[in-house]
Amino acid sequence: MTIIESLKQRKVTTRTLQEMKEAKKKITSLTAYDALTARILDEAGIDMLLVGDSLGNVVQGHETTIPVTIDEIIYHTKAVIRGVKRSLVVADMPFMSYQVDAKEAFRNAGRLLKEAGAEAIKLEGATSNVLDSVYNMTNSGIPVLGHLGLTPQSIHKFGSYKVRGKDEEESEAIQQAAKNLEQAGACAIVLEKIPATLAATISKELSIPTIGIGAGVGCDGQILVYSDMLGLTVDFNPRFVRKYMTMYENMLSATKNYIDDIEQEQFPNEQESY
Ligand code: KIV
């Protein structure tokens, strides 16, 4: 069995992500928020499932990820864990669950592992508070993924979801932040919506894996929001999303057929009755 075949079979841990980078096997990742979906994505062989705070948009219908709470992430992470056998399950730390101080961040991260069963956590940015948190958590056995580039929790600071790191100053700041996160002990970094050349440079410079979303093919892995990938979201069409099916249309027409069948007394039939 080759290293890559063995990596594809084993339960994924944060250590496995590192082995994947070293073996040049791309890390595959999607978000998940419930057991049913997690089970399918896991069975398909996805390496990592992120219980992202994007559940604020996808599940709760909010405009931003800001309203999501730590208790909601715990609830959804518990559900995802029940659906998974092989994937690494990472839980997002929502807005204001880690920004106040490193102590509170530490306690909340602990809840994600202890109460929810997450195997790693993710937080956005690389401020000195965040770096302290990464250092403390890593040294206490809580693996941490960083998140740089477009950081949706800072939407009100930036005012838009446009590409980050296009000018030299911001590009250098992101590169430095990535190095700082690695030094603080992060086990991987999500790079969101930055130029492909910048993401490729960071991926080469770091020894830990990078996982891109809108950051080009040079990252060590890729992640998408699962409902975008399946075409369940119709009114969100950034160029970095590739839709692998048209689930919105399929669900719509199946539901219309169901309604017609009931109204025309075609459902249930004899076989479907007792
Ligand atoms: O919350 C989320 O889904 C994320 C991914 C987009 C990386 O952070």
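## Exercises: the ligand and the two largest pockets

The shell around the ligand is made up of Thr31, Leu50, Gly52, Asp53, Ser54, Asp92, Lys122, His147, Val190 and Ile213. Keep in mind that this is a predicted model. Grab the structure and work through these.

**Exercise 1.** Sort the shell around the ligand into nonpolar, polar and charged residues.

*Solution.* Start with the nonpolar ones: Leu50, Val190 and Ile213. Next, pick out the charged ones, which are Asp53, Asp92 and Lys122. What remains is polar: Thr31, Gly52, Ser54 and His147, since Gly is counted with the polar class. Your tally should come to 3 nonpolar, 4 polar and 3 charged.

**Exercise 2.** Find the distances from ligand oxygen atoms to polar side-chain atoms of Asp53, Ser54 and Lys122.

*Solution.* Take Ser54: an N or O atom of its side chain is 2.5 Å from an oxygen atom of the ligand. Move on to Asp53, where a polar side-chain atom sits 3.0 Å from a ligand oxygen. Finish with Lys122, which also has a polar side-chain atom 3.0 Å from an oxygen atom of the ligand. Now step back to the ligand as a whole: on its own it has 260 Å² of accessible area, and the protein covers 95% of that.

**Exercise 3.** Work out which pocket holds the ligand, then describe its lining.

*Solution.* First, the ligand takes up the space of the largest pocket. That pocket has a volume of about 770 Å³. Next, look at its walls: 33 residues line it, and Ser54, Asn57, Val225, Asp228 and Phe236 lie nearest the centre. Two or more lining residues come from each of helix H4 (55-58), strand S6 (188-192), strand S8 (221-224) and helix H11 (226-229). H11 gives the most, with 3 residues. By class, the lining splits into 15 nonpolar, 9 polar and 9 charged residues.

Notice that Ser54 turns up twice: in the shell around the ligand and among the residues nearest the centre of the largest pocket.

**Exercise 4.** Describe the second largest pocket in the same way, and say which element gives the most to its lining.

*Solution.* Begin with the volume, about 540 Å³. Then find its 20 lining residues; closest to the centre are Gly125, Ala126, Thr151, Lys157 and Phe158. Strand S5 (144-149), helix H8 (155-158) and helix H9 (168-184) each supply two or more residues. The top contributor is H9, with 4 residues. To wrap up, count classes: 9 nonpolar, 7 polar and 4 charged.

Methods:
Residues numbered from 1 in each chain as written. Predicted model: local features only at pLDDT ≥ 70, side-chain atom pairs only at ≥ 80, totals over all residues. Heavy atoms only, no water. Near = heavy atom within 4 Å. Polar contact = N/O pair within 3.5 Å; in protein donor to acceptor, adjacent residues only side chain to side chain. Areas by Shrake-Rupley, 256 points an atom, 1.4 Å probe, with all protein chains shown as cover. 1 Å grid on protein atoms, 1.4 Å probe; cavity = no way out; pocket = protein on both sides within 12 Å on 5 of 7 lines; lining within 4 Å. Sits in = over half its atoms within 2 Å of the grid points. Points joined across faces, edges and corners; volume = space filled by probe spheres on them.
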